[in-house]
Amino acid sequence: MEKKVDFLVVGSGIAGLTYALKVADHGKVYIITKADEDESNTKYAQGGIAAVMHSPDSYEKHVQDTLICGDGLCNEEVVRMVVYESTDRIKELIEWGTNFDKSSSGEYDLGREGGHSENRILHHKDITGKEIERALLAKIHSHPNIEIANHHFAIDIITQHHLGKPVTHETKDITCYGIYALNIKTGDIDTIVAKTTLMATGGTGNVYSATTNPVIATGDGVAMVYRAKGAITNMEFIQFHPTALYAPHLKPAFLISEAVRGAGAVLKTMDGKEYFN
Ligand SMILES: Cc1cc2nc3c(=O)[nH]c(=O)nc-3n(C[C@H](O)[C@H](O)[C@H](O)COP(=O)(O)OP(=O)(O)OC[C@H]3O[C@@H](n4cnc5c(N)ncnc54)[C@H](O)[C@@H]3O)c2cc1C
């Protein structure tokens, strides 16, 4: 099958779905995703999302907390952009139908997690990501300009190379024309041509033997962009979670939510020593 669209989105986690909703008023959007549409790291996120909602919290406090935790690895410009955008992005998720828990006074029930000096974690019980994914997919399905294709596995980016022009990693103007995707149900390879392609394929957790990530997290997008462009410059950080330590040769059966540590819990080794607090 060959398909032409204005916007092609690869991946149906929070990044892909949010982008799709933002561009859908400007053209036809086609989302492809390699498993069921809700299968994503997003669905498994538990504790919640950090955002500055009101005083005594402030953007500067959140920026400083982030820079301290980043221990020199953060790009401060990006940290500032993310933190200063946080309130508006949360309001957007709420407008799109996400339910964050409220306290009995009607205010959002803000939790505190490791590294945060203020209560700023919005959550939905301990299944925040599942609630966000639910709300975004409901919104996606109600938009007439958005189509979503499950079980479509992006294989490679289409560049000039696929049009018969020689391309090397030194070529300056390598252009993305779309994606080749395997329709897992039929075995066909679809050619999807788009004016704009967004790679929102998530992380790479499953390249490690122990991970809390679902099996979809295999870094496909990173590999495709690397094959097309020959360079990935911004990949520096893989999140490590202490629960993965308990049986490094096995996949952990459960994840201790960050919210538990935020509420004061202490993680100890088998001989009772404090591991993280
Ligand atoms: C157990 C767990 C708990 C977490 N808890 C929190 C938390 O409390 N707070 C927080 O802020 N973050 C948390 N995170 C991190 C958070 O979930 C992720 O940072 C975020 O969801 C990433 O969103 P994404 O859209 O970039 O990727 P994902 O949600 O992983 O979406 C990627 C999408 O791309 C698709 N895809 C991948 N490869 C292909 C391909 N080749 N072709 C087609 N489709 C493809 C996948 O199927 C999926 O739909 C947690 C993560 C995990 C795993």
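In this predicted model, helix H1 has five named buried residues to consider: Ile14, Gly16, Leu17, Thr18 and Ala20. Several elements lie over these positions. The cover for the buried residues of H1 includes strands E1, E2, E5 and E8, together with helices H2 and H5. H1 also takes part in the surroundings of the ligand, where H1, H2 (41-44) and E6 each supply at least two residues of the shell.

The ligand is surrounded by 35 residues. The closest are Gly11, Gly13, Ser40, Asn41 and Gly202. Sorted by class, the shell holds 17 polar, 14 nonpolar and four charged residues.

H1 contributes to the interior as well. In soluble globular proteins, nonpolar side chains tend to be buried together. Here, the largest nonpolar core contains 28 residues. Within this core, Leu8, Val9, Val10 and Val29 have the most contacts. Eight elements are listed as giving at least two residues each: strands E1 (2-10), E2 (29-32), E6 (152-158), E7 (178-183) and E8 (189-199), and helices H1 (14-23), H5 (128-141) and H6 (220-229). E1 gives the most, with five residues.

Val10 shows how distant parts of the chain meet. Neighbours within four places in sequence are left aside here. Val10 is then in contact with Gly16, Ile32, Ala154, Ile179, Gly221 and a run made up of Leu198, Met199, Ala200 and Thr201.

A second core is separate from the first and has 10 residues. Among them are Ala51, Val52, Val83 and Leu122. Leu122 belongs to strand E4, which covers residues 121-122. Is Leu122 buried or exposed? Leu122 has 23 C-beta neighbours inside 10 Å, so this residue counts as buried. Residues up to four places away in sequence are not counted in its list of contacts. On that basis, Leu122 touches Gly48, Ile49, Ala51, Ile90, Phe100, Tyr108 and Leu110. Leu122 also lies 8.3 Å from Gly47, C-alpha to C-alpha, although 75 residues separate the two in sequence.

Attention now turns to the sheet. Strands of a sheet pair through backbone hydrogen bonds, either parallel or antiparallel. In this model, six strands form an open sheet with mixed pairing. Their order is E5-E2-E1-E8-E7-E6. Why is one side of E5 and of E6 left without a neighbour in the sheet? E5 (146-149) and E6 stand at the edges and have a single partner strand each, so one side of each remains without a neighbour. From one strand to the next, the twist averages 40°.

The pairing of E6 with E7 is antiparallel and runs over six bridges. Ile157 has Ile179 of E7 as its bridge partner. Asp156 stands opposite Tyr180, also in E7. Helix H6 packs on the sheet and touches E1, E6 and E8. The direction of H6 makes about 20° with that of E6.

E7 pairs with E8 too. These two strands run antiparallel and are joined by five bridges. Across this pair, Ala181 stands opposite Asp190 in E8. E7 and E8 form a hairpin, with five residues between the strands. In the turn, Gly187 has a positive phi of about 85°.

Key. Residues are numbered from 1 along each chain as its sequence is written. This is a predicted model: local features need pLDDT of at least 70, side-chain atom pairs count only at pLDDT 80 or more; totals for chains, interfaces and linings use all residues. A nonpolar core is a set of buried Ala, Val, Leu, Ile, Met, Phe, Trp, Tyr and Cys residues joined through C-beta atoms within 7 Å. A residue is buried if 20 or more other C-beta atoms lie within 10 Å of its own, exposed if 12 or fewer, and partly exposed in between; C-beta atoms are placed from the backbone. Helices (H or I, at least four residues) and strands (E, at least two) are DSSP runs, numbered from the N terminus. Two residues are in contact if their C-beta atoms, placed from the backbone, lie within 7 Å. Two strands pair if DSSP finds at least two bridges between them. Axes are lines fitted to C-alpha atoms, for helices over the stretch in contact, and angles run from 0 to 180 degrees between N-to-C directions. A residue is near a molecule or strand if its C-beta atom, placed from the backbone, lies within 6 Å of it. Ala, Val, Leu, Ile, Met, Phe, Trp, Tyr, Cys and Pro count as nonpolar, Asp, Glu, Lys and Arg as charged, and the others, Gly among them, as polar.
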